[in-house]
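User: I am a first-year student and would like a close look at one part of this model, namely its largest pocket. Please describe the pocket and then connect it to the elements around it.

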Amino acid sequence: MFKPLNNGDADIAAAYGLIAHRAYNPTWALAMKGDDEANRWRDAARAEMQNFERHGVYIEISEDQLPSWNNHSKRAAKLVDMRWGLRKKKNEKADLLKYKAQAVVCGNQQKRKALAVEPEHTLETFAPAARSASTFKLLCAAGCTANIRVRQFDVEAAYIQGKFEGNDGGVFVRPPPNERFFDDREVPIVWKPLKPLYGEADAGRIWHCTAKKQRVETQGFTQSEFDPCYFFKKYADGHRVDLVLYVDDCGMAGTGSAQADDYLRIFCDRFKLTLQKTLKQFLGMNIDMRADGGVEISASAYIKAKAETYLP
């Protein structure tokens with residue numbers, strides 16, 4: 001039987017867990033204190049900026065050109081900060097894959113400042129997510145019972161591949177640390193995003209609407225009435241393709257590989273994907289599609305990662 005922690009032990013455990021968490025997901029200031037790891041984080045941030053350049057994510061503008069610029073305070077009121085989201089990405093065995101850096105918008109500031117400047121403005125932010133405990137498991141079960149292939153792909157830089165509808169979002173952001181510069185007049189350079197950024201309050205909704213439009217209107221899939229992240233398509237020859245989308249991760253089952261490959265080809269023409277030939281991990285769950293037609297779903301990698309993070 002486990003012995004309950006007293007207050008002192010609980011405080012120690014919480015402190016240890018916080019230290020371990022920051023080691024895997026440090027702030028930018030903390031990440032820059034190391035030597036070898038600092039270089040790895042810089043390389044990850046550089047890769048993110050190169051990704052922004054490839055996709056034409058923003059244009060630079062002097063802060064005093066913003067509509068909300070105040071000559072007295074020398075600051076723009078409707079300007080949202082960005083920060084670096086750093087994490088060590090792991091595989092299905094909880095082994096380190098790579099150092100990942102994402103430039104993210106402080107969405108809490110975005111909503112607060114939007115209301116302060118435009119009190120009557122309503123920012124739509126809701127985006128559905130697949131029911132991982134039911135829909136995805138049913139997809140795996142269908143793959144087993146019908147002996148069909150279940151695969152997985154994720155959309156690279158999904159949010160910045162979303163498309164604004166009707167406007168450009170109206171958000172101006174201050175770049176993340178180490179990317180902040182000044183013009184010849186010593187006025188800060190800020191960004192006008194041309195595409196949704198991670199952290200924006202409505203970025204998830206914009207991406208979902210973009211992906212839904214591609215699937216339903218362009219590729220002829222049907223969206224489920226019971227789970228808005230489940231899509232399916234029946235072909236004239238009797239084959240079908242089923243999809244479960246969770247933000248940028250997608251599980252796919254197809255009774256005819258030609259139809260599934262055709263779907264991927266068309267989707268790849270619109271978005272950049274990373275395809276895994278076999279399903280191994282989805283939403284933190286370990287998936288083992290066995291040769292005998294069975295499937296095992298566990299949380300072994302999640303448990304291992306949490307044990308490494310929080311146990312001394």
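**The largest pocket and its surroundings**

Analyst: The largest pocket has a volume of about 1700 Å³. Its lining is made up of 47 residues, and those closest to the centre are Arg87, Lys89, Lys90, Lys98 and Lys100. The model is a predicted one. By residue type, the lining divides into 20 nonpolar, 11 polar and 16 charged residues.

Several elements each supply at least two residues of this lining: the helices α1 (7-24), α3 (36-55) and α8 (300-310), together with the strands β4 (79-90), β5 (96-105), β6 (149-155), β13 (273-276) and β14 (281-282). Some of these elements can be followed further into the structure.

Helix α8 comes first. Its residues Ala301, Ala305 and Thr309 are buried. Viewed down the axis of α8, the buried residues fall within an arc of 65°, so they line one face of the helix.

Strands β6 and β13 belong to an open sheet of six strands, whose order is β9-β10-β11-β12-β6-β13 and whose pairing is antiparallel. Both β9 (222-223) and β13 stand at the edges with a single partner strand each, so one side of each has no neighbour in the sheet. As background, strands of a sheet pair through backbone hydrogen bonds, in either a parallel or an antiparallel manner. Within this sheet, β11 (residues 240-246) and β12 (residues 249-254) are joined in the antiparallel sense over six bridges. Leucine 245 has cysteine 250, in β12, as its bridge partner.

The elements α3, β4 and β5 lead to the largest nonpolar core. This core has 24 residues, and the ones with the most contacts inside it are Phe52, Met82, Trp84, Leu86, Val173, Trp191 and Leu197. Two or more of the core residues come from each of α2 (28-31), α3, β4 and β5. Helix α3 gives the largest share, five residues. A second, separate core has 23 residues, including Ala158, Trp207, Phe231 and Cys250. Cys250 is thus found both in this second core and as the bridge partner of leucine 245.

A hairpin completes the description. Strands β15 (residues 285-289) and β16 (residues 295-298) pair in the antiparallel sense over four bridges, and methionine 289 stands opposite valine 295 in β16. Five residues lie between the two strands of the hairpin, and glycine 293 in the turn has a positive phi of about 95°.

How values were computed: Residues numbered from 1 in each chain as written. Predicted model: local features only at pLDDT ≥ 70, side-chain atom pairs only at ≥ 80, totals over all residues. Heavy atoms only, no water. 1 Å grid on protein atoms, 1.4 Å probe; cavity = no way out; pocket = protein on both sides within 12 Å on 5 of 7 lines; lining within 4 Å. Points joined across faces, edges and corners; volume = space filled by probe spheres on them. Nonpolar A, V, L, I, M, F, W, Y, C, P; charged D, E, K, R; others polar. Buried < 20%, exposed > 50% of the residue type's maximum accessible area, 1.4 Å probe, protein only. Arc of directions from axis to C-beta. Pairing = 2+ DSSP bridges. Core = buried A, V, L, I, M, F, W, Y, C linked by side-chain atoms within 4.5 Å.
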